[in-house]
Amino acid sequence: MRLKTLAFALAACCATALPAQAEMESAFGNTVVSHYPDGSWVKHLFDRDGSYRAVFSDGRRLTARWAVEGERVWLNGIRPRMLLSRFCTTLVEASVGQTWPGRDPLGRRVRNELVAGRYPSPGSLSDPGGP
């Protein structure tokens, strides 16, 4: 069954938007991995309660709140603070194992992939080593 998930996970929640369960169901319990042409990656974890975590291949980590507004996913309250205070992206239909093109907040091209399972595991921001 195909469910909507994010086109590029570094999305941010709008102050008035609420998490939307059905649109994000395939992301819960799984990991969205954004692959860069240089081999680096970002692992995005979305939780039902609206929380978001990201782990970068260089060891950086961030947290935020996510929400769906219309056909877009928003991230807000990104910590630590970055150049952008929030970011949004279009939702796409994806199942585990599927990939789709996207762009990161700086406009760089990425290949997104919905991977089965949680990497890193819930409650931990440690990385098991690569995507």
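**Strands, turns and a pocket**

Me: In this predicted model, which two strands flank the loop where Pro 80 is found?
Reply: Pro 80 is found in a loop, and the strands on either side cover residues 72-79 and 86-94. These two are named strand S6 and strand S7.

Me: Thanks! Is the peptide bond from Arg 79 to Pro 80 cis or trans?
Reply: Look at the omega angle of the bond that leads from Arg 79 into Pro 80. Omega is near -5 degrees there, and the bond is cis.

Me: Let's step back to the whole chain. How many helices and strands does the chain have?
Reply: Reading from the N terminus, the elements run β-α-β-β-β-β-β-β-β-β. Counting them up gives one helix and nine strands.

Me: What share of the residues in the chain is buried?
Reply: A residue counts as buried when its relative accessible area is under 20%. The chain has 131 residues, and the buried part of them comes to 46%.

Me: Now for strand S4. How many of its residues are buried?
Reply: Strand S4 spans residues 51-56, and you can check its two sides in turn. On one side Ser 51, Arg 53 and Val 55 are buried, and on the other so are Tyr 52, Ala 54 and Phe 56. S4 is therefore largely enclosed by the rest of the structure, with a buried count of six of the six.

Me: Why does Ala 54 count as buried, and what is its relative accessible area?
Reply: Ala 54 sits in strand S4. Leaving aside neighbours within four places in sequence, Ala 54 is in contact with Val 42, Lys 43, His 44, Arg 60, Arg 61 and Leu 62. Buried means under 20% relative accessible area. Ala 54 counts as buried because its own value is 0%.

Me: Which residue in S4 stands opposite Val 42?
Reply: S3 and S4 pair in the antiparallel sense over five bridges. They form a hairpin with four residues between them, and Gly 50 in the turn has a positive phi of about 95 degrees. Across this pairing, the residue opposite Val 42 is Phe 56.

Me: And which residue takes a positive phi in the hairpin of S4 and S5?
Reply: S4 and S5 also pair in the antiparallel sense over five bridges, with Val 55 standing opposite Arg 61. This hairpin has four residues between the strands, and a positive phi near 100 degrees is taken by Gly 59.

Me: Which residues of strand S8 point to the buried face?
Reply: The side chains alternate along S8. Thr 99, Pro 101 and Arg 103 point to one face and are not buried. That leaves the other face, where you find Trp 100 and Gly 102.

Me: What is the bridge partner of Gly 102 in S9?
Reply: S8 and S9 pair in the antiparallel sense over five bridges. Their hairpin has five residues between the strands, with Gly 107 at a positive phi near 90 degrees. Within S9, the partner of Gly 102 is Val 110.

Me: Last one: how many nonpolar residues are in the lining of the largest pocket?
Reply: This pocket has a volume of about 390 Å³. Of its 22 lining residues, the closest to the centre are Tyr 36, Phe 56, Arg 60, Leu 106 and Arg 108. Strands S3 and S5 each supply at least two residues of the lining. By class, two lining residues are polar and six are charged, while the nonpolar ones number 14.

Definitions and conventions:
Residues are numbered from 1 along each chain as its sequence is written. This is a predicted model: local features need pLDDT of at least 70, side-chain atom pairs count only at pLDDT 80 or more; totals for chains, interfaces and linings use all residues. Side-chain values use heavy atoms; hydrogens and water are left out. On a 1 Å grid over the protein atoms alone, a cavity is a set of points where a 1.4 Å probe fits but cannot get out, and a pocket is an open set with protein on both sides within 12 Å along at least five of seven lines; lining residues have an atom within 4 Å of a point. Grid points are joined across faces, edges and corners, and a volume is the space filled by probe spheres set on the points. Ala, Val, Leu, Ile, Met, Phe, Trp, Tyr, Cys and Pro count as nonpolar, Asp, Glu, Lys and Arg as charged, and the others, Gly among them, as polar. Buried means under 20% relative accessible area, exposed over 50%, partly exposed in between (1.4 Å probe, protein chains only). Two strands pair if DSSP finds at least two bridges between them. Contact means heavy atoms within 4.5 Å.
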